[in-house]
Amino acid sequence: MYLEEINIERNTLRQGDIISQTHLLGVLNPQGFSDVVNNGKPTAWIIPIKEEAIGDAIVLSHSCEISLANKIKVTSIILAPIRNIDTATEKDKIEELIKSNILNAGQHSSYLKYFYLEPNSKLKYSNGAICDFSKCFSLRNNFYQKLLDKKILQLRQDIADAMALKLGVYFYRRKLAS
Amino acid sequence: MTYEANSRLHYKNIIPIIIATPQAQDGSSNPTLDIDEIVNKVLSSEKFESGIKNMIESHIIGKEILESTYRNPEAIDNPFDAIYLAKLEPDIIFDQDQLSIESFSEIEDLSDTIHFNDGWDD
């Protein structure tokens with residue numbers, strides 16, 4: 001699923017890169033947020049530590065959009081948080097969720113919101129994890145170097161393509177959940 | 001105007017303007033056109049004004065590209081900056097990609113049948 005260490009591109013971000021220990025804006029809870037006000041104007045936000053989420057994330061932006069070779073296009077980097085699959089409450093569905101990574105022609109149903117990530121020595125999830133498309137968020141391009149510094153894994157191109165297709169279908173599907 | 005179109009103007013900063021010369025009584029053109037009259041005709045030409053405007057814009061963008069590329073790589077950080085927007089080009093959409101996505105348009109999403117007890121779904 002992942003590129004070998006020697007093949008990881010260290011000088012650029014790619015769709016499917018796994019970023020360790022970053023701020024997961026997509027999972028913040030607004031309860032407890034408050035403003036620091038100076039002369040009637042908010043000057044800062046306070047986010048209580050218990051609400052702050054720091055963890056691993058995966059890059060969802062198209063590789064072309066975030067390639068430094070195409071610098072003009074780099075405005076923001078879209079990320080999705082990674083969740084430990086061991087916290088799933090319906091254990092009997094995990095196997096089906098894992099298989100749903102690859103969308104096959106004629107398929108009638110899938111776990112479109114999630115993409116399964118296999119265990120790896122650089123990840124803390126012994127049984128694997130899922131990235132959650134529904135909690136995606138973006139960071140401005142001036143975070144680029146910080147994210148690059150925290151890049152620990154890179155998906156193989158065929159796996160990144162499978163993830164991108166699932167992401168596209170997740171947003172495009174017409175059928176409502178029954 | 002696209003970024004490429006702006007770039008091309010660097011090499012095509014020639015503004016062709018046709019000035020109608022007054023005719024003599026016998027119907028022939030008058031070769032002795034007054035210089036002030038020529039200047040006035042050029043300055044009042046819409047094509048001249050548009051050409052000058054495009055050249056100025058392309059030089060501003062060219063200068064900005066030089067600065068951002070060679071002097072300050074972090075210069076572009078505002079995606080809504082007018083200069084940035086002038087560089088936008090449409091993305092290419094491949095028919096095969098579109099067909100792949102559309103072929104799954106009727107798929108049912110089962111995501112709501114599984115939950116994660118990590119405090120993110122409250």
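**A:Q31 and its loop.** I looked up A:Q31 first and found that A:Q31 is exposed, because 9 other C-beta atoms lie within 10 Å, where exposed stands for 12 or fewer such atoms, buried for 20 or more, and partly exposed for what falls in between, with C-beta atoms placed from the backbone. A:Q31 sits in the loop between strand 1 (17-23) and strand 2 (34-38) of chain A, strands (E, at least two residues) and helices (H or I, at least four) being DSSP runs numbered from the N terminus. I also took the separation of the C-alpha atoms of A:Q31 and A:K50, which is 11 Å for residues 19 apart along the chain.

**Source and numbering.** I am reading a predicted model, in which local features need pLDDT of at least 70 and side-chain atom pairs count only at pLDDT 80 or more, while totals for chains, interfaces and linings use all residues. Residues are numbered from 1 along each chain as its sequence is written, and chains are lettered from A and ligands numbered from 1 in the order in which they are written.

**Positive phi.** I noted that A:Q21, in strand 1 of chain A, has a positive phi of about 45° although it is not a glycine, and that A:Q21 is exposed, with 11 other C-beta atoms within 10 Å. A:N39, in the loop between strand 2 and strand 3 (41-46) of chain A, likewise has a positive phi, near 55°, without being glycine; A:N39 counts as exposed because it has 5 C-beta neighbours inside 10 Å.

**Chain A as a whole.** I counted 4 helices and 10 strands in chain A, which follow the pattern β-β-β-β-α-β-α-β-β-β-β-α-β-α along the sequence. The radius of gyration of chain A is 18 Å, close to the 16 Å that the globule rule gives for 178 residues, so chain A is as compact as a globular protein of that length; the radius is taken over C-alpha atoms, and the rule is 2.2 Å times the number of residues to the power 0.38. Buried residues make up 29% of the 178 residues in chain A.

**Core and helix 4.** I found that the largest nonpolar core (buried Ala, Val, Leu, Ile, Met, Phe, Trp, Tyr and Cys residues joined through C-beta atoms within 7 Å) has 38 residues, and that A:I58, A:L79 and A:I130 are among those with the most contacts inside it. Helix 4 of chain A gives the most to this core, with 5 residues. Helix 4 has 16 residues and reaches 22 Å from its first C-alpha to its last, close to the 22 Å expected at 1.5 Å a residue, the expected span being 1.5 Å times one less than the number of residues. In helix 4 of chain A, I listed A:A160, A:M163, A:K166, A:L167, A:V169 and A:Y170 as buried, and their cover includes strand 7 of chain A together with helix 5 (95-102) of chain B.

**Where chain A touches chain B.** I found 34 residues of chain A in contact with 23 residues of chain B, contact being C-beta atoms, placed from the backbone, within 7 Å. Helix 4 of chain A gives the most to the side of chain A that touches chain B, with 4 residues. Strand 6 of chain A and strand 1 (residues 108-109) of chain B pair in the parallel sense over 2 bridges, pairing requiring at least two DSSP bridges, and I noted B:E108 as the bridge partner of A:S109.

Methods
Contact = placed C-beta atoms within 7 Å.
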